[in-house]
Each structure stands twice: as C-alpha cells, then as structure tokens.
Amino acid sequence: MKSKPMLFIAFAIGLICAYAVYNVYLFWNAAQRSAPLIAATPPFNLNDPSRTRNILVLGDSLAVGVGAPAGETVAGRLSKALNANVDNVAKSGALTRDLEGQMVQAHKSRYDLILIQAGANDIIQLKSLSSAEANMDTLLAEAKQKSDYVAFLLVGDVGAAPLWPWPWPRIYSTRSHNLRERYIALAQKRDALFVDIYSRDNIFANDPDRYYANDQLHLTADGYEKWFEIISDDVRAKWPELQ
C-alpha cells in the first residue's frame, strides 16, 4: 500500500501534467483562431505616383496588421497621415532574425520613414533575448543606411494579452520588460526612435474585448488606432518636419 506522501506526490504530478496538457490545448486553440485572421490580412502596400513620400514597414503579424482591415492598420493609417506610399514587407510569425531578409525585399534605396515592429515572437517562443537584441542592432544599422528616420517598437507587455494561462503572463511580462530595456539602449546607440508602448500602462486593459481580436492576441482596428496615435505622436515629436 502506498504511503500518504507518495499518494500526494503522485496526485501533484497528475495535476501538473493535466495543467500542462490544458496549456497546450489553449495555445493550439489560439493558433487555430489566429490562422483565419492571418489568412485574411495582407500587408498594406501602396504605390501611388502622385505621392512623394515613401515608408518602409518591417516586422511580424502586428506590423502586417493582423486582425484589422488593411487601411486601418498602423501602416495604412501612417500612409494616410503622411500622404505616403508604403512598402510593407512584414510577415506573420517573423522573429527578429528574419527581418534582415525582409530588408532585402525593400524596393527603394531611400525612405522617408522606416518603421520596424518585432520581438514579440522572440518573447513568446522563449528565444534568446540577447540574440534578439543583436538582430535588432544589425537591422537598425542597415535601416539607417536607407533613412534618416528610423522608428521601432515592441508590442508592449506581451504578458498582458488575455489569452495566456498562468504562469505565462508573468513570464512574458518579465521578458517584455527585459527586451524593452535592451531596445531603449539600442535607440540611443543607433540614433533611432524607440516607441515605448510598454510604458503606456497597458492601454487595452480597460476594454480588452474592444481592442483585441477574437484570438485574444492580435488587435482590432480600434487597437491599431491606439498604437497609431502613440507612434504618430512620438514620430512628430522627434521629427516635426514629418508633418
């Protein structure tokens, strides 16, 4: 007959295994809900000869604007606000290491603004943050060869997204904070603009159903509008000539 301590240990192991399976299910379910959103959202691109400004966008699914109509993504809103053409070479699922390949796809030698959004997938997939920092450093150096105006951002607090079960919110929040600090240092090193979404105290917390898409990770048009307002304000504060 098993002792009580052994029964307790077996019970605890069973609970841990059951919770691990539940976590796998939640992540799988989130991926299933994200798939149609990704399929339905092409990157916003515009090539209008009457427009004299040009923007380059690189990054992951949030740079693509998954979850919102193309014109209501950050890229679409920036195009309208700055009366600019857009080359958006961002790709869903991209890690920071993938962005150098995106840069190769840039059609023009010079841009009036380059916007980079990446790092969330490195956080979620538990990739090395030191490697993510090094990847972004290399990318910023290359971007500065194509534009005097380079802005980049992290999504903010990845752990604040509604879909994560315990203990992932704490893990992802800690990693978000860590990568944010690294990005802030890179902005100073490379004379680029880091748009600090993280410091806005979780702007979606008061109404997540409004701001998050149905996969509870990507954003709605209202969510991207909030991001656009922050990005636009920061860009114009640093570079008033981009009015």
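1. Helices here are DSSP runs of H or I with at least four residues, strands are E runs of at least two, and both are numbered from the N terminus. On that basis the chain comes out at nine helices and five strands. Bear in mind throughout that this is a predicted model.

2. Overall layout, then. Reading from the N terminus, the elements go α-β-α-α-β-α-β-α-α-β-α-β-α-α. Of the 243 residues in the chain, 47% are buried. If you take contacts between residues at least 6 apart in sequence, 80% of them link residues at least 24 apart. The chain exposes about 12,000 Å², with carbon and sulfur atoms supplying 56% of that area.

3. Next, the inside. Which residues have the most contacts within the largest nonpolar core? They are Ile116, Met136, Phe152 and Trp227, in a core of 73 residues. Helix H9 (residues 221-238) is the top contributor to this core, giving seven residues.

4. Phe152 deserves a look of its own. Setting aside neighbours within four places in sequence, Phe152 is in contact with two of the other residues just named, Ile116 and Met136, and also with Leu140. The rest of the list for Phe152 is Tyr183, Leu186, Ala187, Ala192, Leu193, Phe194 and Val195.

5. Strand E2 (84-88) comes next. How many of the residues of E2 are buried? Five of five, so the strand is mostly covered, given that buried means under 20% relative accessible area. Ala84, Val86 and Asn88 point one way and Asn85 and Asp87 the other, and all are buried. E2 runs parallel to E1, and five bridges join the two strands. For a register check, Arg53 stands opposite Ala84 in E2.

6. Helix H3 (residues 74-82) is largely enclosed by the rest of the structure, because seven of its nine residues are buried. Those seven are Val74, Ala75, Gly76, Arg77, Leu78, Ser79 and Leu82; note that Arg77 and Ser79 are on the list. What do the buried residues of H3 pack against? Their partners are strand E1 (53-59), strand E2 (84-88), strand E3 (113-117) and H9. Right after H3 comes Asn83, which has a positive phi, near 50°.

7. Now for Asn121, in helix H5 (residues 120-124). Is Asn121 buried or exposed? Its relative accessibility is 14%, so Asn121 counts as buried. What does its side chain reach at 2.8 Å? That would be the backbone oxygen of Ala94. Beyond residues up to four places away in sequence, Asn121 touches Asp60, Gly93, Ala94 and Leu95, so Ala94 turns up both in this contact list and as the polar partner, where the cut-off for N or O pairs is 3.5 Å.

8. Last, Ala63 in helix H2 (residues 61-64). With a relative accessible area of 7%, Ala63 is buried. Leaving out residues up to four places away in sequence, Ala63 touches Val57, Leu58, Asn88, Ala90 and Gln117. Asn88 is one of the buried residues of E2 mentioned above. Ala63 and Val155 lie 92 residues apart along the chain, and their C-alpha atoms are separated by 9.7 Å.

Note on methods: Residues numbered from 1 in each chain as written. Predicted model: local features only at pLDDT ≥ 70, side-chain atom pairs only at ≥ 80, totals over all residues. Heavy atoms only, no water. Core = buried A, V, L, I, M, F, W, Y, C linked by side-chain atoms within 4.5 Å. Buried < 20%, exposed > 50% of the residue type's maximum accessible area, 1.4 Å probe, protein only. Contact = heavy atoms within 4.5 Å. Polar contact = N/O pair within 3.5 Å; in protein donor to acceptor, adjacent residues only side chain to side chain. Areas by Shrake-Rupley, 256 points an atom, 1.4 Å probe, with all protein chains shown as cover. Pairing = 2+ DSSP bridges.
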